[in-house]
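Hi there,

Here is the structure I promised to pass on. Have a look at it first, and then read on for what turned up.

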Amino acid sequence: MNKNNQNIKENIKSISSEILNGENYSRNDFARSILNYPAMMVPSVQEPIIEKLSDALKNNVSLLDPFMGASNTLVTGMKYGMNVFGQDINPLSILLSQVKTSYYQIDELTDAEQRVISTINSDTSHIIEISFSNIDKWFTKDIQIELSKIYRAICKEPNLKIRKFFWVALAETIRLTSNDRTSTFKMHMRSIEEINMRQVFGIKTFVSVCQKNIKNINDYISVLIKNDHIKDGKYIKSADVVWGDTNTEIRTNKTFNLLVTSPPYGDNQTTVTYGQFSYLPLLWIPVKDIDNSISIDYLKTSQAIDKKSLGGEIKEKICDIEERVFQKSPTLKKFITNFQNVERKKAAKVTRFINDLDNSIDVMLPKMRKGSFLVWTIGNRNVNKQIVRNDLILSELFMSKGIELFTDLEREILSKRMPGRNNFSDTMSKERILIYKKTN
Ligand SMILES: C[S@@+](CC[C@H](N)C(=O)[O-])C[C@H]1O[C@@H](n2cnc3c(N)ncnc32)[C@H](O)[C@@H]1O
């Protein structure tokens with residue numbers, strides 16, 4: 001093996017388990033705390049890997065995250081002055097990532113905050129701005145009135161970038177004040193007794209979220225300034241986030257030399273329902289303020305985004321998919337052919353998901369330059385009480401495309417925000433970080 005590659009591997013393997021397990025990470029970490037998006041990557045875990053690969057790429061990096069979620073990968077890349085590009089199918093991920101990758105002057109945020117609060121306080125209207133079936137199930141009347149005042153005040157702000165900041169704060173306020181339980185990502189109403197007992201205040205919550213978020217953004221921007229990555233009020237490199245379905249395309253003509261991502265571990269419905277988590281906030285945020293190019297009807301039902309995500313749609317006969325993916329992954333074939341009847345039907349979801357994942361890799365690879373690194377954090381899961389070895393399957397998919405595993409790491413999940421239930425049992429307590437190198 002070439003000496004340079006050997007050095008890179010040794011460097012990566014030298015990252016301590018303490019860092020990898022996120023033992024010292026802080027909940028107040030700038031990148032995590034402006035909206036509690038599900039299954040966020042822990043920046044302090046990714047950082048040493050990104051840093052070492054950046055060294056290997058002579059600090060001239062264009063980073064892609066094709067499943068960007070809360071964009072923690074992107075902001076970590078920005079800390080190192082990289083060109084960053086992220087894509088996701090969930091409009092809430094886009095909005096959140098737009099805010100996290102933008103440069104805000106703190107004065108403009110604090111001035112806007114005062115303006116918005118004063119507009120809210122002088123608003124005496126009781127008109128409800130949003131209507132959808134079941135609104136009274138998910139929000140008490142008082143909260144509907146308060147959220148409507150916030151909505152009107154944000155709409156009055158002339159600057160789109162500033163409005164985006166407040167829409168994120170409104171999204172977090174909705175998460176904290178709706179009747180939906182915060183303990184699961186699936187929509188699940190609190191009991192009537194609990195709703196009647198609970199004391200929640202929309203405007204008070206919004207104000208405290210805004211203050212916390214301004215502080216977090218300020219902390220992060222200070223790091224970018226300290227690292228000389230801001231010039232003339234702008235990030236010195238490019239930072240783009242785009243809505244798109246990674247199963248079919250990466251919506252850019254750019255190419256990249258580093259891919260860092262954590263894909264879903266299965267179809268959303270049976271793993272993490274990113275879409276359901278986002279549904280109530282998205283009902284309150286105008287799409288024109290997120291991205292006009294969004295081409296799915298994501299508000300049609302609370303399941304719409306999850307159905308459009310990897311493994312969510314039935315597009316082809318399962319036998320046709322099996323024929324194709326079983327050839328690429330013997331591990332998947334062994335897993336599926338283990339089952340019969342109802343269990344086999346249930347396991348078909350895994351095949352559909354892996355097929356979509358495989359398609360998405362085919363979409364990504366042409367965007368990756370020769371010599372680029374691809375870092376995938378992936379965990380296993382249970383289906384029919386048996387472990388789906390996502391880690392082995394992923395490497396087999398890459399092998400079928402002529403790409404070998406370059407090196408790998410393992411981490412215990414101590415701090416990632418995951419649903420602590422059913423199919424994420426103890427097999428989910430570990431994740432593997434698989435690093436591939438594209439050699440041609
Ligand atoms: C585990 S999260 C990503 C975490 C992220 N890397 C971070 O640093 O926070 C997985 C993301 O994949 C997205 N996703 C699922 N299917 C997708 C698809 N077909 N196209 C684009 N994004 C998709 C989900 O919306 C979700 O935000």
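How many disulfides does the structure hold? The count is 0. Please keep in mind that this is a predicted model.

Take C210 as an example. The cysteine sulfur closest to the one in C210 belongs to C155, and the two are 14 Å apart. A disulfide needs its sulfur atoms within 2.5 Å, so C210 and C155 are too far apart for a bond. In terms of surroundings, C210 is buried, at a relative accessible area of 1%. C319, on the other hand, is partly exposed, at 44%.

The other part you may enjoy is strand β1, which covers residues 62-65. Side chains in a regular strand alternate between the two faces of the sheet. Here, S62 and L64 point one way, L63 and D65 point the other way, and all of them are buried.

What does β1 pair with? One partner is strand β2 (residues 83-88), which runs parallel to β1 and is joined to it over 4 bridges. Within that pairing, D65 sits opposite G86 of β2. Helix α4 (residues 72-79) completes a β-α-β unit with β1 and β2, and the unit is right-handed.

β1 also pairs with strand β6 (residues 256-261), again in the parallel sense, through 2 bridges. There, L63 has L258 of β6 as its bridge partner.

Happy to talk any of this through once you have it open in your viewer.

Best wishes

Terms used
Residues are numbered from 1 along each chain as its sequence is written. This is a predicted model: local features need pLDDT of at least 70, side-chain atom pairs count only at pLDDT 80 or more; totals for chains, interfaces and linings use all residues. Side-chain values use heavy atoms; hydrogens and water are left out. Buried means under 20% relative accessible area, exposed over 50%, partly exposed in between (1.4 Å probe, protein chains only). Two strands pair if DSSP finds at least two bridges between them. A crossover is right-handed if, with the strands pointing away from the viewer, the path from the first strand over the helix to the second runs clockwise.
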